[in-house]
Amino acid sequence: MPSTTLAPAQRETRLPLPALVALGAATLVMVTAEMLPTAVLVPMSAGLGVDESLTGQLVASWALTVVVASLPLTRLTRAVDRRTLILVGLVGLAASSLATGLAPSFGVALTARLFGAAAVGLLWATANAHVADLVPERLLGRAVSVVLMGATLGLVVGTPVVRVVADATSWRVALGLVAVAALAVALAVRTLVPRRPRVAPPRATAARAGVEPLVPTLLLTALVGLLLVGFYGTYTFITRLGEPAAALLPGGMGTLLLGFGLASAAGVALAGRAARPGAALVVASGATAVGLLGLVTASHGVLGLVTLVGLGVATGAL
């Protein structure tokens with residue numbers, strides 16, 4: 001039987017696609033879990049006996065917890081190999097989704113979501129870093145794009161599927177499906193993603209990192225944070241804002257969510273062709289702001305539909 005082992009030179013030129021796809025599936029499940037309340041806002045609010053504005057805070061509190069928890073958790077677990085951390089994070093996400101689906105009250109659902117958000121904060125930091133352990137530096141951009149395409153698919157596929165399942169059964173069943181998916185992805189990661197020892201950066205690299213200017217990085221971080229607050233603060237209520245547009249489409253809200261996700265994927269593809277990333281960032285940021293302002297037209301079906309599709313393209317590119 002012929003050997004399938006690659007020579008070292010071949011390994012240097014080929015992406016480890018099975019491992020990257022498994023990690024991409026992890027980002028898909030993570031984004032689907034994060035945005036799930038936006039897809040089932042109305043029935044989830046009714047089931048928990050709270051206003052829709054309060055249910056929307058399940059997304060905002062999730063995002064805040066990811067930001068706050070990721071750095072300390074990453075530091076506390078820096079001695080643990082990254083694949084193990086990814087597996088632990090996925091199991092934690094599954095437990096959080098199941099607990100949220102079984103929650104008898106908003107308080108229990110919020111607690112379960114905060115636990116899941118902490119697990120996802122660790123997952124984001126660990127999964128992205130592990131990609132750098134799997135490929136040589138010159139292939140890193142391509143490898144990261146494969147993994148992060150899963151995040152886009154979370155909007156394109158995950159959110160609409162959750163809505164369809166919730167419409168056919170209930171929002172609690174949809175959360176159970178996310179829990180099962182997280183466990184399935186954990187099994188795939190365990191099977192397909194190899195361990196890699198953590199390697200300390202060379203002294204020259206570490207020294208250079210300490211003297212590079214922080215101002216551009218901080219400004220970019222602030223810009224991204226501001227834009228994402230505006231976008232996610234609005235996207236949380238897309239199933240309400242988009243009701244007139246959804247009424248025009250066969251399949252209703254599920255089709256609208258799918259269309260938004262496809263528009264976002266198109267934006268990712270456009271951004272990938274940008275010859276000048278800095279200029280492209282300025283254009284995408286401005287288009288996102290215009291799209292958010294344009295949502296004042298959401299009560300008019302056709303105008304709202306056009307605005308939502310345009311916003312999807314802009315935020316995908318962003």
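1. In this predicted model, the second largest cavity holds about 30 Å³ of space, and the residues that line this cavity are A33, W62, S96, S97, T100, R113 and L175.

2. If you look for the element that contributes most to the lining of the second largest cavity, you will find helix α5, residues 82-102, which supplies the largest share with 3 residues.

3. The lining of the second largest cavity is mixed in its chemistry, for when its residues are sorted by class there are 3 nonpolar, 3 polar and 1 charged.

4. Turning to the largest cavity, you will find that the space inside comes to about 50 Å³, and that its lining is made up of F231, T234, Y235, I238, L241, F260, L295, L308 and L311.

5. Which helices each supply at least two residues of the lining of the largest cavity? They are α10, spanning 215-235, α11, spanning 238-241, and α15, spanning 301-317, and of the elements that contribute to this lining, α10 gives the largest share, with 3 residues.

6. The classes of the residues around the largest cavity deserve a careful look, since its lining has 8 nonpolar residues and 1 polar residue, with no charged residues, whereas the lining of the second largest cavity does include 1 charged residue.

7. Finally, on the matter of how many such spaces to look for in the model, the count comes to 2 cavities when those of 30 Å³ or more are included.

Terms used: Residues numbered from 1 in each chain as written. Predicted model: local features only at pLDDT ≥ 70, side-chain atom pairs only at ≥ 80, totals over all residues. Heavy atoms only, no water. 1 Å grid on protein atoms, 1.4 Å probe; cavity = no way out; pocket = protein on both sides within 12 Å on 5 of 7 lines; lining within 4 Å. Points joined across faces, edges and corners; volume = space filled by probe spheres on them. Helix = DSSP H or I, 4+ residues; strand = E, 2+ residues; numbered from the N terminus. Nonpolar A, V, L, I, M, F, W, Y, C, P; charged D, E, K, R; others polar.
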